[in-house]
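Student: I have a structure on the screen and some labels I would like justified. Can we go through them one at a time?

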Amino acid sequence: MSQEEWLSAVDAAWLRMDRPTNLMMICGMMMLDGHVELERLKDVIRTRMLCLHRFHQRVADTGSRPRWELDPHFDLDWHVRRVALGEASLQELTSDLISTPLDPARPMWQWHLVDGPGGSALIMRIHHCYGDGFAMLHVIEAITDLGERVTRPPPGDLDGADAGLSALERVLGPVASTLGDVLRGAAALADAGAGLLRHPGNAWSSGTSAASLLYQAGAIAAMTPDSPTRLKGDLGAMKRAAWSAPLPLAEVKGLACAFGCSVNDVLVACVTAALRAYLLERGDVVDGKEVRALVPVNLRPPGPISELGNRFGLVFLDLPISIVDPLVRVHEVHRRMLALKQSQQALVAFGILAGLGVAPDFLKERVVDALAANASMVVTNVRGPGQPRWLAGRRITRQVFWVPQSGGIGLGISILSYAGEVSFAAVSDAQRIPDPATLMERVATEFEALVLTALMSHWPGEPTRRRRPASRAPGRR
């Protein structure tokens with residue numbers, strides 16, 4: 001690791017997108033099947049997470065280009081602490097934590113151990129500048145085990161953000177490294193691909209060309225705001241967090257197979273249906289309207305990661321909330337996702353994010369506001385471990401996470417698969433959607449409705465009943 005590490009341009013962009021109304025924190029929660037001792041948890045974090053040197057570091061933002069520096073007063077007791085549930089529910093406590101900023105004078109991450117009647121819950125908060133969702137999966141894998149008595153060895157350290165920089169980039173500084181970030185993203189996209197709303201290891205291939213990049217840049221620049229709904233408007237400082245009952249992943253896969261689409265298409269169609277129902281219940285007009293979502297797209301090459309940080313772009317997905325028929329809705333979501341997979345929009349957005357990392361504050365604010373005005377929400381899907389995992393000797397029964405929103409966006413919906421189940425989680429601005437739990441309940445309801453619709457549908461190849469000939473009157477031929 002180098003003695004002096006600068007934040008990459010994209011990581012610096014996420015650092016500087018913090019606002020009182022939208023904190024750039026990734027938050028997640030693991031529910032355990034028993035109670036965990038605080039000291040045992042600290043020991044796991046000490047030996048299995050702090051071996052990654054980044055988590056000893058805080059950000060020194062001098063006003064030009066921020067850099068990483070070791071915290072001379074690092075205190076594990078501050079970063080891993082027990083929180084009393086008290087009179088609040090777990091949902092209320094999570095909402096308060098998501099609404100509370102991290103201390104920039106320290107490494108910006110914390111674990112909160114919460115003891116409930118059925119077992120412990122572990123809530124993690126980490127600033128987005130430390131890494132994206134794929135990087136956080138690496139951290140979770142490092143601290144968890146495959147069995148109660150199976151202990152993983154500590155992982156090796158990862159290189160710093162400067163590890164991939166050329167000598168020219170090191171000499172010329174932020175502007176050159178920004179270009180380098182974009183070129184590395186282009187290479188990753190062309191050589192390895194990236195999966196839209198899919199597990200980062202599942203890549204989709206799409207060759208880059210100057211013409212397609214310019215076209216997508218123009219499309220983003222010319223994009224108009226999506227339909228006005230109650231999702232848009234002034235934001236406050238308080239967030240509301242909620243999560244759904246899990247769905248059986250096998251049933252979701254069965255629907256995807258029946259409809260000839262991906263698992264992600266089915267899940268996003270359920271989110272679309274839930275939004276439609278939620279808005280209708282509150283008297284909003286949805287006919288002829290669409291809600292646009294920002295969707296993260298991984299740009300890392302397949303295989304083990306060599307660094308933390310952020311390596312993803314964004315695409316704009318229009319959710320067809322005006323469609324009534326569930327089957328038509330699924331096929332329309334599938335069609336739109338295919339179109340996005342064939343575009344270079346994610347790479348263009350990655351370049352924009354890299355530019356924001358070195359742009360003046362006034363320009364950064366304008367660009368963030370302009371991009372956020374074109375969407376009403378963020379939707380992200382992460383494929384977690386397929387088998388159960390253990391933490392500090394306790395089995396993890398559920399995993400959920402909450403994606404941050406930038407600019408004036410007030411709703412984020414996260415989808416995570418784990419151990420044969422799929423969970424949805426929502427975080428919303430309290431002024432825009434004060435009851436995200438209702439929205440999450442709607443997702444499960446719409447999934448059940450989609451299953452019922454599929455069972456009642458006529459499928460190609462299904463034998464049809466032959467009509468009986470009409471009975472004839474006696475004596476007639």
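Tutor: Start with the sheet, and keep in mind that this is a predicted model. Val80 stands opposite Trp111 in β6. The chain as a whole has 14 helices and 16 strands, and 55% of its 477 residues count as buried.

Student: What makes β5 and β6 partners?

Tutor: Two strands pair if there are at least two bridges between them. β5 is joined to β6 (residues 109-116) by 4 bridges, and the two strands run parallel. They therefore meet the cut-off of at least two bridges.

Student: Which strands form the open sheet, and in what order?

Tutor: The order is β5-β6-β7-β2-β14-β13, 6 strands with mixed pairing. β5 (80-83) and β13 (390-391) each have a single partner strand, so they stand at the edges with one side left without a neighbour in the sheet.

Student: How do you know that the pairing is mixed?

Tutor: Compare the pairs. β5 and β6 run parallel, while β6 and β7 pair in the antiparallel sense over 8 bridges. β2 and β7 are antiparallel too, with 7 bridges; there Ile26 stands opposite Ile126 of β7. Both senses occur, and the pairing is mixed.

Student: What do β6 and β7 form, and how many residues lie between them?

Tutor: They form a hairpin with 2 residues between them. Gly116 has Gly119 in β7 as its bridge partner.

Student: Why is β7 described as largely enclosed?

Tutor: Buried means under 20% relative accessible area. In β7, 9 of the 9 residues are buried, so the strand is largely enclosed by the rest of the structure. Helix α4 (residues 90-98) lies across β7 (119-127), as well as across β2 (25-32), β5, β6 and β14 (394-402), and runs at about 155° to β2.

Student: Why are α9 and α14 called oblique?

Tutor: The axes of α9 (residues 249-259) and α14 (residues 436-456) come within 11 Å and cross at roughly 45°. Roughly parallel needs an angle under 35 degrees, and roughly perpendicular needs 65 to 115. The angle fits neither range, so α9 is oblique to α14. The crossing is left-handed. On the α9 side the contact is made by Glu251, Val252, Leu255 and Phe259, and on the α14 side by Phe447, Leu450, Val451 and Ala454. These residues divide into 7 nonpolar, no polar and 1 charged.

Student: What makes α10 and α11 oblique as well?

Tutor: The axes of α10 (residues 263-281) and α11 (residues 326-341) come within 9 Å and cross at roughly 120°. Roughly perpendicular ends at 115 and roughly antiparallel needs over 145, so α10 and α11 are oblique to each other. α10 passes α11 in a right-handed crossing. Residues making the contact include Val268 and Arg276 of α10 and Val333 and Met337 of α11. By class, the contact has 6 nonpolar, 3 polar and 3 charged residues.

Student: Why is Thr453 called partly exposed?

Tutor: Buried means under 20%, and exposed means over 50%. Thr453, which lies in helix α14, has 23% relative accessibility, so it counts as partly exposed.

Student: What is Thr453 in contact with, leaving aside its neighbours within four places in sequence?

Tutor: Thr453 is in contact with Pro326 and Leu327. Asp325 is 128 residues from Thr453 in sequence, yet 9.4 Å from it in space, C-alpha to C-alpha.

Notes: Residues numbered from 1 in each chain as written. Predicted model: local features only at pLDDT ≥ 70, side-chain atom pairs only at ≥ 80, totals over all residues. Heavy atoms only, no water. Contact = heavy atoms within 4.5 Å. Axes fitted to C-alpha atoms, helices over the stretch in contact; angles between N-to-C directions. Left-handed = near helix turned anticlockwise from the far one by under 90°. Nonpolar A, V, L, I, M, F, W, Y, C, P; charged D, E, K, R; others polar. Buried < 20%, exposed > 50% of the residue type's maximum accessible area, 1.4 Å probe, protein only.
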